[in-house]
Amino acid sequence: MIYLYYSDRFSEYNFGPHHPLRPVRLALAYRLMEDYGLLDEGDVQVVEPPLASELELLSVHTPEYLEAVRSEMPNILFGLGIGDNPVFEGIYDASRLVAGGSIDAARRIAEEGCVAFNFAGGLHHAMPDRASGFCIFNDPALAIRTLRRKFGRVLYIDIDAHHGDGVQKVFYDDPRVLTVSIHESGRHLFPGTGFVDELGEETGFGYSVNIPLPPGSGDREYERAFEAIVPPLFEAFRPEVVVSQLGADAHYADPLADLNLTLSGYGRLVSRIGELKDQYAEGRLLALGGGGYNLGVVPVSWAAALQIMKGEEVREYLPPFWAELFKNEVGGSPLCPPDRGPVNEVQEDGGRRRRISEDLDRTLGDLRARLAEVHPRFRIIDR
Ligand SMILES: [Zn+2]
């Protein structure tokens with residue numbers, strides 16, 4: 001069984017008409033899943049998320065921060081009302097709804113050993129005491145806290161274009177939660193962290209892993225980086241449950257990052273995460289959404305992720321009714337698999353291609369050497 005979290009009220013998480021995070025992406029994703037017929041076969045159950053309770057939020061966030069969010073007042077100390085995170089009416093409950101979905105999903109996975117997908121979640125930048133990067137409450141961390149009550153080892157894998165800094169921060173000293181983030185290097189992109197030497201602290205040393213990619217990295221680089229690091233980490237850590245942040249902003253058409261993943265490359269990453277969770281974690285997976293700022297990419301990406309979780313081939317068409325809806329709501333044409341990728345200077349400029357490849361080689365070599373020192377069971381798979 002796959003539990004899919006959705007509510008029309010997700011649209012209330014809304015920073016305003018000029019903010020890059022557009023709530024309509026969630027409704028469009030849900031409608032696409034419906035129109036593909038993904039919810040008709042009895043293997044997906046749609047769940048209305050509950051609001052996260054104050055007690056649940058306190059497992060990650062400070063009481064002062066909760067109070068600041070509840071007050072709906074701009075407050076620079078808590079990252080509220082500045083730039084990325086404007087305060088809006090109803091911000092506390094809208095944020096609690098997203099968090100509540102991920103927490104409830106974690107609870108079901110602990111009880112039933114299933115797969116759950118909360119694509120409104122994945123708000124990985126929120127800090128215990130501060131809003132950051134469009135994220136108010138850190139639902140991945142809240143879900144991991146819930147899972148930790150039952151499971152000894154949780155593996156978090158984050159493929160959003162941005163570093164999963166908030167989740168890393170919460171579990172930085174915890175050897176029971178292995179966080180892995182693949183992202184565009186912090187030298188070039190928000191939040192400016194996520195380098196190979198951020199490995200954790202105290203007993204958690206070796207349980208934070210970062211794979212920073214050079215700008216321009218595409219499917220080939222993603223596959224190489226993933227296969228070099230992630231399967232050996234599963235083998236070394238042997239997680240009982242997997243939490244995955246599936247942000248869709250590493251796509252070449254995303255306006256915020258400078259990466260070149262295609263829909264096909266994204267789908268392959270989701271498939272590999274699915275295979276590894278079957279191999280190591282008895283099929284237990286909490287999948288979350290995350291970033292994604294091109295409305296023609298995000299719904300298609302998350303609908304593809306659901307198809308992969310169901311074990312289906314990713315459909316290579318868009319339902320006409322949905323394409324019409326998209327045209328009316330957004331305008332223009334969404335992308336659709338098969339996605340042949342960008343035809344741009346990266347493909348054509350062999351010199352830049354080679355520099356990207358050499359830069360990635362150095363990063364992977366450095367990271368593998370560090371991990372081999374910490375984890376005797378970390379074995380290097382050379383590809
Ligand atoms: Zn992102």
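## A bridge between S3 and S8

Let's start with one pair of residues: Phe117 has Ala287 in S8 as its bridge partner. This is a predicted model, and that bridge belongs to the pairing of strand S3 (residues 115-118) with strand S8 (residues 285-288). The two strands run in the parallel sense and share 4 bridges.

## The sheet around them

Stepping back, S3 and S8 sit side by side within an open sheet of 8 strands, whose order is S2-S1-S3-S8-S7-S4-S5-S6. The pairing in this sheet is parallel. At the edges stand strand S2 (44-47) and strand S6 (208-213); each has a single partner strand, so one side of each is left without a neighbour in the sheet. On average, neighbouring strands here are turned by 15 degrees against each other, direction ignored.

## Helix H9 across the strands

Now for a helix that meets this sheet. Helix H9 (residues 298-309) lies across S3 and S8, and also across strand S1 (2-5). Relative to S3, H9 runs at about 175 degrees.

## H8 against H9

Two packed helices are described by the angle between their axes and the distance between the axes. For helix H8 (residues 263-280) and H9, the angle is about 35 degrees and the axes are 10 Å apart. Their crossing is right-handed.

Which residues of H8 meet H9? On the H8 side they are Leu263, Tyr266, Gly267, Val270, Ser271 and Gly274. Facing them from H9 are Val300, Ser301, Ala304, Ala305, Ile308 and Met309. Taken together, the residues of this contact comprise 8 nonpolar and 4 polar ones, with no charged residue.

Terms used: Residues are numbered from 1 along each chain as its sequence is written. This is a predicted model: local features need pLDDT of at least 70, side-chain atom pairs count only at pLDDT 80 or more; totals for chains, interfaces and linings use all residues. Two strands pair if DSSP finds at least two bridges between them. Axes are lines fitted to C-alpha atoms, for helices over the stretch in contact, and angles run from 0 to 180 degrees between N-to-C directions. Two residues are in contact if their C-beta atoms, placed from the backbone, lie within 7 Å. A crossing is left-handed if the near helix is turned anticlockwise from the far one by less than a right angle, and right-handed if clockwise. Ala, Val, Leu, Ile, Met, Phe, Trp, Tyr, Cys and Pro count as nonpolar, Asp, Glu, Lys and Arg as charged, and the others, Gly among them, as polar.
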